[in-house]
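Work through the exercises below with the coordinates open. Each task is followed by a stepwise solution.

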Amino acid sequence: MEIFLVEDSSLVRARLTALLDAVPGANVVGEADRADTAIREILSLRPDVVLLDISLAEGSGFDVLLAVCRQAPEIDFYILSNFTADPYRELAERLGAREFFDKSREIERVREIVAQRAAVHP
């Protein structure tokens, strides 16, 4: 299962990569810290899963969701953000995100979800 990371913090990207490297069948195929780069790379690579932050160096995760979900609805998006209020969650769901996680408290849950998905869809 191919995964693309969209996160503005290099430390968080490194932590996510380390967590996902331990998941059998999961392979991080790319990463971006800006919306425009993420959109271009995701549409080019067509990964199975995108882990997406809302706040990016340029643009937002919502820009990425809006652009990519229309063109590639088969890609599963999981939001991982510090902006966890209901309006953010509701917008993410409307734009096509499968799940929304609190980055400060649920990063391990992301690994669990990816591991479950990789076990079912290698």
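Contact here means heavy atoms within 4.5 Å. The model is a predicted one.

**Exercise 1. Characterise the packing of α3 against α4.**

Solution.
Step 1: Take the axes. Those of α3 and α4 lie 9 Å apart, at an angle of about 15°.
Step 2: Classify the angle. Angles under 35 degrees count as roughly parallel. So α3 is roughly parallel to α4.
Step 3: Assign the hand. α3 and α4 cross in a left-handed way.
Step 4: List the contact. From α3 come F62, L65, L66 and C69; from α4 come Y88, L91, A92 and L95.
Step 5: Sort by class. The contact of α3 with α4 holds eight nonpolar residues, no polar and no charged ones.

**Exercise 2. Describe the surroundings of C69, and decide whether C69 is buried or exposed.**

Solution.
Step 1: Place the residue. C69 sits in helix α3, which spans residues 61-71.
Step 2: Check accessibility. The cut-off for buried is under 20% relative accessible area. C69 has 16%, so it is buried.
Step 3: Find its partners. Beyond four places in sequence, C69 touches V64, F77, L95 and G96.
Step 4: Check one partner by backbone distance. C69 and L95 are 26 residues apart along the chain, and their C-alpha atoms are separated by 7.4 Å.

**Exercise 3. Find the aromatic pairs in the whole structure and give the geometry of each.**

Solution.
Step 1: Choose the descriptors. A pair of aromatic rings is described by the distance of the centres and the angle of the planes.
Step 2: Run the search. Two aromatic pairs turn up in the whole structure.
Step 3: Take F62 and Y88. Their ring centres are 6.4 Å apart and their planes are at 5°, so this pair is stacked. The pair links distant parts of the chain, 26 residues apart: F62 belongs to helix α3, and Y88 to helix α4 (residues 86-95).
Step 4: Take F83 and Y88. Here the centres are 5.5 Å apart and the planes are at 45°, so the pair is tilted.
Step 5: Join the pairs. F62, F83 and Y88 form a cluster linked by ring pairs.
Step 6: Add accessibility. F62 is buried at 13%. Y88 is partly exposed, with a relative accessible area of 32%. F83 is partly exposed too, at 37%.

**Exercise 4. Which residues does Y88 contact, leaving aside neighbours within four places in sequence?**

Solution.
Step 1: Locate Y88. Helix α4 carries this residue.
Step 2: Collect the contacts. Y88 is in contact with I54, F62, F83 and F100.
Step 3: Check one backbone distance. Y88 and F100 are 12 residues apart along the chain, with C-alpha atoms separated by 9.1 Å.

**Exercise 5. Repeat the packing analysis for α2 and α3.**

Solution.
Step 1: Take the axes. α2 and α3 have axes 9 Å apart and pack at an angle of about 20°.
Step 2: Classify. This makes α2 roughly parallel to α3.
Step 3: Assign the hand. The crossing of α2 past α3 is right-handed.
Step 4: List the contact. α2 supplies A35, A38, I39, I42 and L43, while α3 supplies D63, V64, A67, V68 and Q71.
Step 5: Sort by class. The contact of α2 with α3 has eight nonpolar residues, one polar and one charged.

**Exercise 6. Treat α1 and α5 in the same manner.**

Solution.
Step 1: Take the axes. Helix α1 (residues 10-21) and helix α5 (residues 107-120) have axes that come within 10 Å and cross at roughly 40°.
Step 2: Classify. That angle makes α1 oblique to α5.
Step 3: Assign the hand. α1 passes α5 in a right-handed crossing.
Step 4: List the contact. R15, L16, L19 and L20 of α1 meet I107, E108, R111 and V114 of α5.
Step 5: Sort by class. The contact of α1 with α5 divides into five nonpolar, no polar and three charged residues.

**Exercise 7. Examine the phi angle of R46.**

Solution.
Step 1: Recall the background. Most residues other than glycine have a negative phi.
Step 2: Read the angle. R46 is not a glycine, yet its phi is positive, about 50°.
Step 3: Locate the residue. R46 lies in the loop between α2 (35-45) and β3 (49-52).
Step 4: Check accessibility. R46 counts as partly exposed, at 37% relative accessibility.

Definitions and conventions. Residues numbered from 1 in each chain as written. Predicted model: local features only at pLDDT ≥ 70, side-chain atom pairs only at ≥ 80, totals over all residues. Heavy atoms only, no water. Axes fitted to C-alpha atoms, helices over the stretch in contact; angles between N-to-C directions. Helix = DSSP H or I, 4+ residues; strand = E, 2+ residues; numbered from the N terminus. Parallel < 35°, antiparallel > 145°, perpendicular 65-115°, else oblique. Left-handed = near helix turned anticlockwise from the far one by under 90°. Nonpolar A, V, L, I, M, F, W, Y, C, P; charged D, E, K, R; others polar. Buried < 20%, exposed > 50% of the residue type's maximum accessible area, 1.4 Å probe, protein only. Phe/Tyr/Trp six-rings, centres within 6.5 Å; stacked < 30°, edge-to-face > 60°.
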